[in-house]
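Colleague: I want the reasoning behind the labels on this model. Show me the structure, then I will ask.

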Amino acid sequence: MRLVFLYFNLALMLFSLQSLQCQYQGTIDSLRNSLAKSQSEEDTANINLALYKSLRRMHSDSAQLHLEKAIELNQGALSDSLSARIYVSQIEQLLIANDYDRVFNYVNKALKLKGHLNPKLLVDVYSMQGTAHYYKSEYAKAIQAHREAEKVCVANKMETGMAKVFNNIGIAYIKMEDWPKAKEYMGKSFELCKAFNIERGMAFTLGNLGIINKNQGDFKAAIEAYQQSNKLLDKLKDERGMARNFDNIGALYKKLGNQSLAEHNFQKSLQTSRRIGDESTMASALHNLGGLYAEQGKLNASVDNYEKSLAISEKLNNKDVIRDNHLGLAQVYEGYGSPKLALQHQKLYGSWKDSITSQDHLKSISELEIKYETKKKENDILLLSQEKLRSDAQIDKQETRIRQLSYLLIGAIVILGIGSVLVLQYLKNRRQKELIETIAETQIAERHRIARDLHDSVGGSLAMATNKLQFVNDNLDEDNKNIQDSIQVLVQTADQVRQISHNLMPGELVKFGLVTAIHATLDQLEKSSLDAHLYAFNMEDRIDPTKEIHVFRIVQEAIQNVIKHAQASKLSIYLNKHKKHLSLMVEDDGMGMGNNKNTSGIGLNNIESRVSQLKGSLNIDSGIGRGTTISIQIPT
């Protein structure tokens, strides 16, 4: 029987749950003295929270009392900053208690105040949210939470936080049994932990690498990883981590056929986890002992361990553990010659399996990964464009400086020397420009490649499908309306694909600016009945590249609205850059929107959303039979 608990009981790297021990009793005494003298609820709650953090590792019961007092005071009028930090501590305690539904409740409360949390605490919140989803077998949601933590780490250059994020993402890949990716992320996590000497993080990632190596068949590397992990955990006095490693080592020896060493390590894991109250690891060790005893023919002992593991896992709502205990019991009862009980547990196993590994669940994970990678690539391209503009500006400043220098030193004795310096500087600037342009062109080419692949591959497939349906229809005795409708849908879809591939990479925008990009868009309308013109004023200098992209998308959306809904013959676009703002007006002579302009569809909603992101203002003037005018003001 496959021991899935080897993958479930991973040492999740919640560094936020492993605070430093209080090193000086004087600190505790000082806090308690301050608490006795405190006269305001804010100070009292703050000191109770500090005492909780100082005592939680060495005196958990006393620490819990201080946290409960802070929580009680949080029902009153505490500052948002203190309330948010109290919520984070509540989340931490609820996660340790395996109360995952309440974890999500307080995560939502903390995130409503996330503006008052420092980046480290915000990473902790997302990480604990992801861990709770993980233990409920909600892997897509877990990945999404860890991605949010990753964004915070990247924005604040928190490399130690990235170590935790990579570890957690690697764990999700372990659950999906994607061993190469799991090893990649665990390797990244280990290297960061090693670089910053995070011993607990190194111990956890080594334990996870042991799991990965074992499932890739590299047993020697797996044993070495577990041994190194336990050496660090023993130094750190981390019995929870060691209990989980004993469980994993036992599973490894079981796979190697050494049942004696397997049982020895399973029992060590069970005894240690039972002593420290780690119910999750207890459930895993009991399950693994159940499987081992089943192989040895000790059916009564096998059933007893499976049943104990099942009771704990049902209490914790650990779906993976519940599922595999039912599978183990089904196989044992089949060996007992009890087909009725075997069938009962087999059905329960199938039910739990379907709830965890359904196609919709796996699809949601895949879609999440695709969205993340796509967004990341778009951000990289936009960042490169911004860097190119900044470099161009720097080069322009350097050239201006050179010209000024040449004017001041004209007629001087050292004309020849100055001329040499100018030539060298010019060549250096030209090389810089060429390098920047090459980098930008590479990124633009990548966007073009994506657009071309979309056009050629998807568009080609749609064209082939259209031709086949047309062939079928042509060979029928009479036209089939359903086939004709299908052909029409395919034709429309192909048109949409072509438009998407064009919109994916507005090359004119990145290279030449907003005015050129809009002209290029209007040039595509030449064959239509719409007479469209752009009138640009004071647009010689480019604006911020991010705003350029948003304004271009707004213009695209407005043009599409006119084409689809307005039935207009004329379209005028006015673009004017003032000292402190950019004004955009899109005017048509179409049918107008009447009183429904505020609910006219996705197009205007998209425009309103972009204007809002730019902190601009939007005004729509429209009426039946008198066209529509959209006026937008955007601060520069």
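Modeller: One definition to start: two strands pair if DSSP finds at least two bridges between them. The model is predicted.

Colleague: How do you know that S1 and S2 pair?

Modeller: Strand S1 (residues 531-537) and S2 share seven bridges, in the parallel sense. The cut-off is at least two bridges, so they count as paired. As an example, Tyr535 has Tyr574 in S2 as its bridge partner.

Colleague: What makes S3 and S5 a pair, and in which sense?

Modeller: Strand S3 (residues 581-588) and strand S5 (residues 628-635) are joined by eight bridges, in the antiparallel sense. At least two are needed, so this pair also qualifies. Leu584 faces Ile632 in S5.

Colleague: Why is the pairing of the sheet called mixed?

Modeller: S1 and S2 pair in the parallel sense. S3 and S5 pair in the antiparallel sense. The sheet of five strands is open, with the order S1-S2-S3-S5-S4, and its pairing is mixed.

Colleague: What makes S1 and S4 edge strands?

Modeller: S1 and strand S4 (617-622) each have a single partner strand, so one side of each has no neighbour in the sheet. From one strand to the next, the twist averages 10°.

Colleague: Which helices lie on the sheet?

Modeller: Helix H24 (residues 545-566) lies across S2, S3 and S5, at about 10° to S3. Helix H25 (residues 602-613) packs on the sheet and touches S4 and S5. The direction of H25 makes about 150° with that of S4.

Colleague: Why is S2 called largely enclosed?

Modeller: Buried means under 20% relative accessible area. Six of the eight residues of strand S2 (residues 570-577) are buried, so the rest of the structure largely encloses it.

Colleague: How do you know that H23 is mostly covered?

Modeller: In helix H23 (residues 514-523), seven of the 10 residues are buried. Among them are Leu514, Ile518 and Leu522. Over the chain of 636 residues, 46% count as buried.

Colleague: Why are H5 and H6 called roughly antiparallel?

Modeller: The axes of helix H5 (residues 80-96) and helix H6 (residues 100-112) cross at roughly 165° and come within 9 Å. Angles over 145 degrees count as roughly antiparallel. H5 and H6 are therefore roughly antiparallel. Their crossing is left-handed.

Colleague: Which residues meet there?

Modeller: On H5, Tyr87, Gln90, Ile91, Leu94 and Leu95. Their counterparts in H6 include Tyr100, Val103 and Tyr106. By class, the contact has nine nonpolar, one polar and two charged residues.

Notes. Residues numbered from 1 in each chain as written. Predicted model: local features only at pLDDT ≥ 70, side-chain atom pairs only at ≥ 80, totals over all residues. Heavy atoms only, no water. Axes fitted to C-alpha atoms, helices over the stretch in contact; angles between N-to-C directions. Helix = DSSP H or I, 4+ residues; strand = E, 2+ residues; numbered from the N terminus. Parallel < 35°, antiparallel > 145°, perpendicular 65-115°, else oblique. Left-handed = near helix turned anticlockwise from the far one by under 90°. Contact = heavy atoms within 4.5 Å. Nonpolar A, V, L, I, M, F, W, Y, C, P; charged D, E, K, R; others polar. Buried < 20%, exposed > 50% of the residue type's maximum accessible area, 1.4 Å probe, protein only.
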